[in-house]
Amino acid sequence: MTLWNKWLQAVVELRPACSRARTFLWMLLALMGLCCRADNAGVTSFVRVLNFRGHAYHRFLHLFHSAALNLDVLTACWARLCLTLFRPFEVGSRLVCLADGIKAPKEGKRMPGVKYLHQQSASNTKPEFIMGHSLQAISLLVHAPGGHVAAVPLTSRIHEGLVFSNRDARSLLDKLVALLLSLARSWNRQVLLIADAYYASAKVIVPLLDKQHHLITRAKTNVVAYMPVPKVAIRGKGRPKRYGEKVRLKDLAKDEGAFTSAPSPVYGERDVVVRYRTLDLLWRPVGRVVRFVVVHHPARGTIFLLSTDLTLEPLQILQLYGYRFKIELGFRQAVHVLGAYAYHFWMADMKPVRRGGGDQYLHRTSDTYRDAVRRKLRAYHVHVQLGCIAQGLLQHLAINHTSEVWHSFRSWLRTMNPAMPPSELVVASALRSAIPTFFSVCAEIPGLNKIAATYYRPDPMPESRQGDALAA
């Protein structure tokens, strides 16, 4: 019960997001299902892992569509709670966040926001084109034992596929920046964002710099910048020059004599020597001086990095960008372990989408239809947000209560290392084995004992019926 006590202490901090106590209790149970379920077969997996009766299924469905759960408040509460549960990775006084996109495959013809998507991957298990939801996610970089770092998911939103107004000209970059700024306001802290080359754009950099935030990203290979304008003793006629000599980063990478050798600071690399060169140049898309770092890596080739913070050292920029892949590891756990993106909520009155279709334009539909689409989209966002919180809770137990997790783990792994924090899979297994104990003492939580008395089945489901349920 120790792990569940630690888990409950964290979840209680999310109570302000629910306007009704009963809504909070069902949200607590949904988080339990996300943390413990052994399969990703939608809401039915919550009912199975909690050993509830079948009519609890509709109560869970109602939770994701309920107006009593405020999604924005829930996101802000979780963002603030992360600063308490974890030790954030900081650069100076700035928190470090990671951003990236993820595509969730969806075959539902009556699911708003589903469109034909292209995904770049060298994996044989991921097709090049899929029907699904396009989401953007933000994670917080935190310290872990043994000098390691981890990416705690903060939030994720569907930013593509639906057009409610033909006057809405916001791009994916605009929506990502708005999402990040909302998190920064909840912290009242400055942020350093780390993202891939897709986010190396003025639409990201300018709004961040206006709010004193910064960005580290990978610059594209065809980047062109300009030297600062040299000062002249006597000013001539006409408007002063804003940009000096034109510089191509590809050309700078060929000047071998200007590079400096140093051990690689990248996470997980040992006995690797990199060669780097740094220049502060004017970049025309933003009209400001940014720091470019050209890196020759013995295995990864030539890398161009861009930082809007001119106080960071070149190797520090390389080290920070090396942490970007942590959000990719988080995506893998969210998809395969927690099923954070495995929602299946249909809209019965929706006009079916066609295979290969693009954005769904709703500016000519009725207000009733648009409200129904918004309600369903919000249900998707609630499910994904609870998935982010559930994954963060598992990481909290793994990082801060490592020994208790390994002690409660009732299985075996070939690569077990009790000295290191376990994975989300191990924590989920440890919590799952203690669920009966949790419900035996649920009287300590006001109101939860009534839900348990109505829906909980004290007798475990026979193995034959479990197999039938999974097959169904």
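Here is a quick tour of the fold, the aromatic contacts and a few individual residues in this protein.

The model is predicted, so keep that in mind throughout. It has 472 residues and a radius of gyration of 25 Å, which agrees with the value near 23 Å for a compact globule. Its secondary structure comes to 16 helices and 15 strands.

**Overall build**

- Along the principal axes, the C-alpha atoms fill a box of roughly 90 × 60 × 45 Å.
- Buried residues account for 53% of the 472 residues.
- If you take contacts between residues at least 6 apart in sequence, 67% of them join residues at least 24 apart.
- The accessible surface is about 22,900 Å², and carbon and sulfur atoms hold 51% of that.

**Aromatic pairs**

- There are 24 aromatic pairs in the structure.
- One of them is Tyr-267 with Tyr-323: the ring centres are 5.9 Å apart and the planes meet at 65°, so this pair is edge-to-face. The cut-off behind that label is an angle over 60 degrees.
- The pair brings together distant parts of the chain, with the two positions 56 residues apart in sequence numbering. Tyr-267 is in the loop between strand E11 (260-263) and strand E12 (273-283), while Tyr-323 is in the loop between helix H9 (314-322) and helix H10 (325-338).
- The two partners differ in cover: Tyr-267 is partly exposed at 24% relative accessible area, whereas Tyr-323 is buried at 6%.
- Tyr-343 and Tyr-380 make a stacked pair, 4.8 Å centre to centre with 25° between the planes. Stacked here calls for planes under 30 degrees apart.
- This pair also links distant parts of the chain, 37 residues apart. Tyr-343 belongs to the loop between H10 and strand E15 (360-361), and Tyr-380 to helix H11 (residues 367-400).
- Tyr-343 is buried, with a relative accessible area of 1%, and Tyr-380 is buried too, at 0%.

**Charges over rings**

- Tyr-343 has a further partner: the charged end of Lys-106 sits over its ring, 3.8 Å from the centre.
- Arg-284 does the equivalent with Tyr-243, its charged end sitting over that ring at 4.6 Å from the centre.

**Helix H1 and its cover**

- H1 spans residues 2-11, and its buried residues are Leu-3, Trp-4, Trp-7, Leu-8, Ala-10 and Val-11.
- These residues cover an arc of only 160° around the axis, so they sit on the same side of H1.
- Several helices help to cover them, including helix H2 (21-36), helix H5 (71-85) and H11. Helix H12 (402-408), helix H13 (424-433) and helix H14 (435-440) are also among the cover.

**Leu-25 in helix H2**

- Leu-25 is found in helix H2 and is buried, with a relative accessible area of 6%.
- Leaving aside residues up to four places away in sequence, Leu-25 touches Ile-445, Pro-446, Gly-447, Leu-448 and Ile-451.
- Leu-25 and Tyr-369 are 344 residues apart in sequence, and their C-alpha atoms are 31 Å apart in space.

**Positive phi outside glycine**

- Asn-188 has phi near 60°, a positive value in a residue other than glycine. You'll find Asn-188 in the loop between helix H6 (172-187) and E7, where it is exposed at 68% relative accessibility.
- Asp-271 is another such case, with phi near 55°. Asp-271 is in the loop between E11 and E12, and at 84% relative accessibility it counts as exposed.
- That E11 to E12 loop is also where Tyr-267 of the edge-to-face pair is found.

**Ser-201**

- Ser-201 is placed in the loop between strand E7 (191-194) and helix H7 (202-210).
- At 18% relative accessibility, Ser-201 counts as buried, the cut-off being under 20%.
- Ser-201 and Pro-145 are 56 residues apart along the chain, with 35 Å between their C-alpha atoms.

Definitions and conventions:
Residues numbered from 1 in each chain as written. Predicted model: local features only at pLDDT ≥ 70, side-chain atom pairs only at ≥ 80, totals over all residues. Heavy atoms only, no water. Phe/Tyr/Trp six-rings, centres within 6.5 Å; stacked < 30°, edge-to-face > 60°. Helix = DSSP H or I, 4+ residues; strand = E, 2+ residues; numbered from the N terminus. Buried < 20%, exposed > 50% of the residue type's maximum accessible area, 1.4 Å probe, protein only. Lys NZ or Arg CZ within 6 Å of the ring centre and 35° of its normal. Rg over C-alpha atoms; globule rule 2.2 N^0.38 Å. Contact = heavy atoms within 4.5 Å. Areas by Shrake-Rupley, 256 points an atom, 1.4 Å probe, with all protein chains shown as cover. Arc of directions from axis to C-beta.
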